[in-house]
Amino acid sequence: MAILVAVERDWISHRQARERVNIMLSALEHTQRYRGVFPHFINGNDGSTVPFSRLDDGSDLVETSFLIQGLVCVRQYFNSASAEDLAIRERINRIWRDVQWNSHVKPGRNVLYWHHSPKYRFARNVPIQGWNEALVTYVLAACSEEYGIQSDTYHDGFARNGVFLNGRDYYGVKLPLGADYGGPLFFAHYSFCGLDPRGLSDQYADYWEQNQNHSRINYLHSVHNPHGYKGYGANCWGLTSSHGPKGYLASSPASDFGVIAPTAALSSMPYTPRESMQALRHFLSLPKGKMTGRFGFVDAFSPATEWYARTYLAIDQGPIIAMIENHRSGLLWKLFMSAPEIKHALLKLGFQSPHMENPGNQITAEPLRQFI
């Protein structure tokens with residue numbers, strides 16, 4: 001998705017983008033998969049699986065769905081009749097259609113599971129239940145005709161028939177879904193780099209309201225600063241999962257370690273444009289040798305202790321680019337939501353969206369022909 005933004009902003013050419021996409025597709029085609037599902041970590045030399053943990057040495061459905069979300073955008077972007085674009089679309093379709101989403105449903109349980117191991121099977125035992133970052137996993141799983149899920153798997157599994165509802169106020173802001181204070185802010189980003197939350201709703205929530213209110217609660221937490229951390233305020237905020245001084249942290253207003261992750265505020269640009277821009281300007285004012293480097297902002301920093309990460313995480317950097325572009329032009333939202341399979345899946349699961357107006361005219365075989 002970031003590569004597509006680079007083309008639109010004239011940082012690279014269409015030719016350079018095609019070359020990079022084809023390299024990536026070649027790597028993915030030679031990666032070890034499990035019923036079409038990719039592992040969490042991949043050995044870049046030979047495509048073999050690098051185990052995430054002892055029981056997590058096989059397929060990772062959520063990370064696979066983030067990958068497929070990006071590939072759908074790429075497929076929709078390279079939509080000309082040229083042989084080059086046709087080849088890209090065909091390669092993406094093969095990867096996407098090989099994913100056996102229903103292989104991650106444990107017998108007797110109507111919910112998708114995050115991991116499956118060829119040796120330990122479902123021993124990792126993490127059901128994909130909301131509210132979290134995995135809404136797009138269920139949307140994509142509903143797309144597949146051969147390996148897909150039915151709507152009740154979404155309602156029983158992810159939504160738990162409404163168990164993920166919240167409805168309480170935090171700092172004067174009502175939170176429709178999820179844990180107290182909303183959890184890490186990446187919940188509002190990862191699924192929504194492609195999935196357009198504007199006007200997206202179902203029987204449980206308005207997802208623009210959910211993400212906007214989640215972001216605002218996260219911002220207001222730093223403004224109120226209940227722990228008294230030095231440096232927190234209206235121009236320095238953003239709690240999400242990131243690197244920390246002693247390892248990886250899952251930060252949120254309910255679990256605040258005094259570590260700010262730039263991706264949290266900057267990827268929230270569509271939801272809190274004024275507050276996110278304040279944070280951006282402040283981050284740029286911090287010591288450049290520590291706060292910024294070759295890949296942009298470092299992953300996180302602690303204003304109180306003046307600790308700065310020496311690392312960059314692609315899964316934190318990518319949403320900054322994607323979500324700022326969505327704020328500016330809606331590019332990736334338009335691409336992802338233009339896919340007829342996505343419209344069909346959303347309708348199947350009971351969603352409403354402006355992208356699905358007159359769905360009877362859109363969910364037919366006709367629009368699919370250009371991608372086959």
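I looked up Y181 and found it partly exposed, with a relative accessible area of 29%. I note that the model is predicted. Y181 sits in the loop between β6 and α7 (207-224). Its phi is near 70°, a positive value in a residue other than glycine. I flagged this because most residues other than glycine have a negative phi.

I then went to E306, where phi is near 60° and again positive in a residue other than glycine. E306 belongs to the loop between β11 (301-302) and β12 (307-308). I have E306 down as exposed, since its relative accessible area is 56% and the cut-off for exposed is over 50%.

Next I checked a peptide bond. The one joining G130 and W131 is cis, with omega about 10°. I placed W131 in the loop between β4 (115-116) and α5 (135-141). For context, I wrote down that most peptide bonds are trans.

I turned to strand β6, residues 173-177. Of its 5 residues, 4 are buried, so I entered the strand as largely enclosed by the rest of the structure. I looked for its pairing and found strand β5 (residues 165-170), antiparallel to β6 over 4 bridges. L165 has L177 of β6 as its bridge partner. I recorded β5 and β6 as a hairpin with 2 residues between them. In that turn, Y171 has a positive phi of about 55°.

Last, I took up the packing of helix α2.

How far apart are the axes of α2 and α4, and at what angle do the helices pack? I read 11 Å and about 30° for helix α2 (residues 14-29) and helix α4 (residues 83-97). The cut-off for roughly parallel is under 35 degrees, and α2 and α4 are therefore roughly parallel to each other. Their crossing is left-handed. On the α2 side I listed R18, V21, N22, L25, S26, L28 and E29, and on the α4 side E84, D85, I88, R91, I92 and I95. I sorted this contact by class into 6 nonpolar, 2 polar and 5 charged residues.

For α2 and helix α3 (residues 61-77), I found axes that come within 12 Å and cross at roughly 140°. I therefore entered α2 and α3 as oblique to each other. This crossing is left-handed. H14, V21, L25 and L28 of α2 meet L67, L71, V74 and Y77 of α3. I counted 7 nonpolar residues, 1 polar and no charged in the contact of α2 with α3.

How values were computed:
Residues numbered from 1 in each chain as written. Predicted model: local features only at pLDDT ≥ 70, side-chain atom pairs only at ≥ 80, totals over all residues. Heavy atoms only, no water. Buried < 20%, exposed > 50% of the residue type's maximum accessible area, 1.4 Å probe, protein only. Pairing = 2+ DSSP bridges. Axes fitted to C-alpha atoms, helices over the stretch in contact; angles between N-to-C directions. Parallel < 35°, antiparallel > 145°, perpendicular 65-115°, else oblique. Left-handed = near helix turned anticlockwise from the far one by under 90°. Contact = heavy atoms within 4.5 Å. Nonpolar A, V, L, I, M, F, W, Y, C, P; charged D, E, K, R; others polar.
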